[in-house]
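Colleague: I'm new to this one and would like a close look at a single part, with a walk outward from there. Could you start with one helix and then take me through the neighbouring topics?

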Amino acid sequence: MDLHNSLLKEQQLKEILSEMGRIIIAFSGGVDSTYLLKVALDTLGEKNVLAITADSESFPPSELEETIRIAKALNAPHQIIEMSELSIPGYSENDSNRCYYCKKGLFENLYPIMIEKGYHNLTFGLIKDDLGDHRPGVKAAIEKNVRGPLAEAELTKEDIRILSKELGLDTWDKPSLACLSSRIAYGEKITIEKLRKVDEAEQFIKKFGIKQVRVRVHNEIARIEVDPGEMKQLFPYYPQVSEQLKLIGFKYVTMDLDGYKSGSMNKMLEVISSKI
């Protein structure tokens, strides 16, 4: 990747942000939203930027702590709101529009805060890469007039990692994030118990030095995805991993030989569509 081209996109991002005025950022503490927050602060100033994190059932407690740490390090105004995704109609049924219900609920929670505190725009960490995948949340953003400045500037994940490193952000090489609900196969009901099992399982696997991991749930089966480069690292610990995940509540524990892939559960949509 050419740093020069990435810097040109960053300049475009700054111009977009300058035109937006005072903004609220839906802040998850991931690579994308952290970069957006940093550039927004540098461009607009602390008085014109507010990062808001929704503490919900599908957001791992460890990541909530990360948002607090990052916001503090950036001297960013930061607010945490309580939100129950499982109470959103349609969410727990976990159909192909789950992310739509989630993002719609989030934006509906943020909009009154924007009005009350005098901000002009709601934003979130949408990037160019997201536009080619199944992303119902984008539809919710369009409906609620929520903007994705990173995508508008055509910034990709690779751009953002390069630029984050240039800015000295320690999130530049952070593994990709996704809500815990994304681990549960479409059509399988989402419950607090399942979300907690997933989080506990992933936290256990990370203890072996694994950075990128997903524990996908297919009823009683836990399907583990790790980065292909980390598979050999996990091999010696398979007996402990299998034993622990069964103690957590899974009946069968498997390893996906294709390795980690963002949005891999979307393959289920192809199967469902073929049966319709």
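Modeller: Happy to. Let's start with helix H2, residues 31-44: at 1.5 Å a residue, its 14 residues should span 20 Å, and its end C-alpha atoms do sit 20 Å apart, so the two agree. Keep in mind that this is a predicted model.

How much of H2 is covered? Mostly, it is: 11 of the 14 residues in H2 are buried. Going along the helix, the buried ones are Val 31, Asp 32, Ser 33, Thr 34, Tyr 35, Leu 36 and Leu 37, then Val 39, Ala 40 and Leu 41, and finally Leu 44. Just past the helix comes Gly 45, with a positive phi of about 90 degrees.

That brings up backbone angles. Most residues other than glycine have a negative phi. Two asparagines go the other way. Asn 75 is not a glycine, yet its phi is positive, about 55 degrees. You'll find Asn 75 in the loop between H3 and strand S3 (78-82), and it is exposed, with a relative accessible area of 52%. Asn 145 is the other case, with a positive phi near 60 degrees. Asn 145 belongs to the loop between helix H5 (136-143) and helix H6 (149-152), and at a relative accessible area of 62% it is exposed too.

Now for the charged pairs. The structure has 14 salt bridges, and a handful of them are worth following on screen. Start in helix H3, where Glu 66 and Arg 69 join their side chains in a salt bridge, 2.7 Å from N to O. Those two are 3 residues apart in H3, which means about one helical turn separates them. Arg 69 is partly exposed, at 35% relative accessibility.

Glu 66 has another partner as well: Lys 174 forms a salt bridge with it, with the closest N and O atoms 3.5 Å apart. This pair links distant parts of the chain, since Lys 174 is in the loop between helix H7 (157-166) and H8 while Glu 66 is in helix H3, 108 residues apart. Lys 174 counts as buried, with 12% relative accessibility. Step back a little and you'll see a whole network of salt bridges linking Glu 63, Glu 66, Arg 69, Asp 170 and Lys 174.

There's one further bridge to look at, between Arg 183 and Glu 202, where the closest N and O atoms are 2.8 Å apart. Arg 183 sits in the loop between H7 and H8 and Glu 202 in helix H8, so this pair ties together parts that are 19 residues apart in sequence. Both ends are buried: Arg 183 has a relative accessible area of 4%, and Glu 202 has 3%.

While you're in the loop between H7 and H8, find Tyr 186, which also has its place there. Tyr 186 is buried, at a relative accessible area of 12%. Compare its position with that of Ser 92: the two are 94 residues apart in sequence, but their C-alpha atoms are 10 Å apart in space.

Next, the cysteines. How many disulfides does the structure hold? The count is 0. Cys 99 is in no disulfide, and the nearest cysteine sulfur to it, in Cys 179, is 5.9 Å away. Why no bond for Cys 179? Its sulfur is 5.9 Å from the closest cysteine sulfur, in Cys 99, and that is too far for a bond; a disulfide needs the two sulfurs within 2.5 Å. Cys 99 is partly exposed, at 29% relative accessibility, and Cys 179 is partly exposed as well, at 26%.

Last stop: the second largest pocket, with a volume of about 160 Å³. Its lining includes Asp 55, Ser 56, Glu 57, Phe 59 and Pro 60. Further along the chain, Pro 61, Leu 64, Leu 180, Ile 192, Leu 195, Arg 196 and Asp 199 are also among the lining residues. Which helices supply at least two residues of that lining? They are helix H3 (61-73) and helix H8 (192-206). H8 gives the largest share, 4 residues. By type, the lining divides into 7 nonpolar, 1 polar and 4 charged residues. So H3 and H8 turn up twice on this walk: each helps to line the pocket, while Glu 66 in H3 and Glu 202 in H8 each take part in a salt bridge with a residue in the loop between H7 and H8.

Terms used: Residues numbered from 1 in each chain as written. Predicted model: local features only at pLDDT ≥ 70, side-chain atom pairs only at ≥ 80, totals over all residues. Heavy atoms only, no water. 1 Å grid on protein atoms, 1.4 Å probe; cavity = no way out; pocket = protein on both sides within 12 Å on 5 of 7 lines; lining within 4 Å. Points joined across faces, edges and corners; volume = space filled by probe spheres on them. Nonpolar A, V, L, I, M, F, W, Y, C, P; charged D, E, K, R; others polar. Buried < 20%, exposed > 50% of the residue type's maximum accessible area, 1.4 Å probe, protein only. Salt bridge = Lys/Arg side-chain N within 4 Å of Asp/Glu carboxyl O. Expected span 1.5 Å × (residues − 1).
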